[in-house]
Amino acid sequence: MKKYLTLGNILVCCAALLGLISIFLMFAPAISYTLDVGIAKGTQTYTGAQIAFGYTEKSEVLGQTIEAQIFKFSFMNFLPYVLALAGVVLAVLSVFFKCKYIAPVAAGCFLVAGVFFFCAVPFTVPAGENATMEGFTLAAGAIVSGIFSILSAALSAAPIFIKKK
């Protein structure tokens, strides 16, 4: 038990925890659109899951259900969550298996995921042919996921630089 309780392993476990939080932030607002036209004002937010897997909005009008697809599946918005999950798995594996290549690969996965979280708006695929992503901005979920993933990269790379006695 004592051999697992080292500073490097504690940092890697913290990296895995932050990586899990960045994955769970998939359900937090990732992008937002602010409408400010005359008297019509408002903000619409979309979660990371909606922009990654696609989103169809349903409305009830005069007893009829109308469906409008807002976003299509976006592999590039799905990829950061996969990379963060791979980073978590590799970080946990690096605690139990002493291979010098696992921690740098985990750090790389977290770092690329963090950068991709900040690119959520350009990676989003609108459903309409002439639809653009103008007016969309990053929301808190994508920003916090990006920050936590980059922190996870730093924490999982830290044991590489810590001197062992």
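Two strands pair if DSSP finds at least two bridges between them. Keep that rule in hand for the exercises below. The model is predicted.

## Exercise 1: A hairpin and its charged pair

**Task.** Work out how strands E3 and E4 are joined, and which residue of E4 stands opposite Lys 58.

**Solution.**

Step 1. Find the strands. E3 covers residues 55-61 and E4 covers residues 64-71.

Step 2. Apply the rule. Seven bridges join E3 to E4. Pairing needs at least two. The two strands run antiparallel.

Step 3. Look across from Lys 58. Glu 67 in E4 stands opposite.

Step 4. Check the side chains. Side chains of opposite charge can pair when their charged atoms come close. The cut-off for a salt bridge is 4 Å from nitrogen to carboxyl oxygen. Between Lys 58 and Glu 67 the N to O distance is 3.9 Å, and they form a salt bridge. The count by this rule comes to one.

Step 5. Ask about exposure. Lys 58 counts as exposed because its relative accessibility is 58%. Glu 67 is exposed too, at 53%. The cut-off is over 50%.

## Exercise 2: The turn residue

**Task.** Which residue in the hairpin of E3 and E4 takes a positive phi? Is Leu 62 buried or exposed?

**Solution.**

Step 1. The hairpin has two residues between its strands. Leu 62 lies in the loop between E3 and E4.

Step 2. Most residues other than glycine have a negative phi. Leu 62 is not a glycine, yet its phi is positive, about 50°.

Step 3. Leu 62 has a relative accessible area of 84%, so the residue is exposed.

Step 4. Set the other hairpin beside it. E1 and E2 also have two residues between the strands, and there Gly 38 takes a positive phi near 60°.

## Exercise 3: A buried serine

**Task.** Place Ser 32 in the fold and list what touches this residue.

**Solution.**

Step 1. Ser 32 lies in strand E1. E1 (residues 29-37) runs antiparallel to E2 (residues 40-47), and eight bridges join them.

Step 2. Thr 45 in E2 stands opposite Ser 32.

Step 3. Relative accessibility is 10% at Ser 32, so this residue counts as buried.

Step 4. Set aside neighbours within four places in sequence. Ser 32 then contacts Thr 43, Gln 44 and Thr 45, and also Gly 135, Phe 136, Thr 137 and Ala 139.

## Exercise 4: Helix lengths

**Task.** Test whether H4 and H3 have the spans expected at 1.5 Å a residue.

**Solution.**

Step 1. H4 has 16 residues, from 102 to 117, and should span 22 Å. Its end C-alpha atoms are 23 Å apart, which agrees.

Step 2. H3 has 22 residues. The expected span is 32 Å, and the helix reaches 32 Å from first C-alpha to last.

Step 3. Now find the buried residues. In H4 they include Ile 102, Ala 106, Phe 110, Ala 113 and Phe 117. An α-helix has 3.6 residues a turn, so residues three or four places apart point the same way.

Step 4. Identify the cover. Buried residues of H4 are covered by elements including H1, H3, H5, E5 and H6. For H3, the cover includes H1, H2, H4 and H5.

## Exercise 5: A nonpolar patch

**Task.** Which elements give two or more residues to the nonpolar surface patch?

**Solution.**

Step 1. List the members. Leu 111, Val 115, Phe 118, Ile 143, Ile 147, Ile 150 and Leu 151 make a patch of about 530 Å².

Step 2. Sort them by element. H4 and H6 each give two or more. The largest share, four residues, comes from H6.

Step 3. Place Phe 118. This residue sits in the loop between H4 and H5. It counts as partly exposed because its relative accessibility is 33%.

## Exercise 6: Distances across the model

**Task.** How many ångströms separate the C-alpha atoms of Lys 100 and Val 61?

**Solution.**

Step 1. Lys 100 is in the loop between H3 and H4. With a relative accessible area of 64%, Lys 100 is exposed.

Step 2. Lys 100 and Val 61 are 39 residues apart along the chain, and their C-alpha atoms are separated by 60 Å.

Step 3. Try a second pair. Gly 54 and Tyr 101 are 47 residues apart along the chain, with 35 Å between their C-alpha atoms.

How values were computed:
Residues numbered from 1 in each chain as written. Predicted model: local features only at pLDDT ≥ 70, side-chain atom pairs only at ≥ 80, totals over all residues. Heavy atoms only, no water. Expected span 1.5 Å × (residues − 1). Buried < 20%, exposed > 50% of the residue type's maximum accessible area, 1.4 Å probe, protein only. Contact = heavy atoms within 4.5 Å. Salt bridge = Lys/Arg side-chain N within 4 Å of Asp/Glu carboxyl O. Patch = residues over 30% accessible without salt bridge, like charges linked within 9 Å, V, L, I, M, F, W, Y side chains within 5 Å. Areas by Shrake-Rupley, 256 points an atom, 1.4 Å probe, with all protein chains shown as cover.
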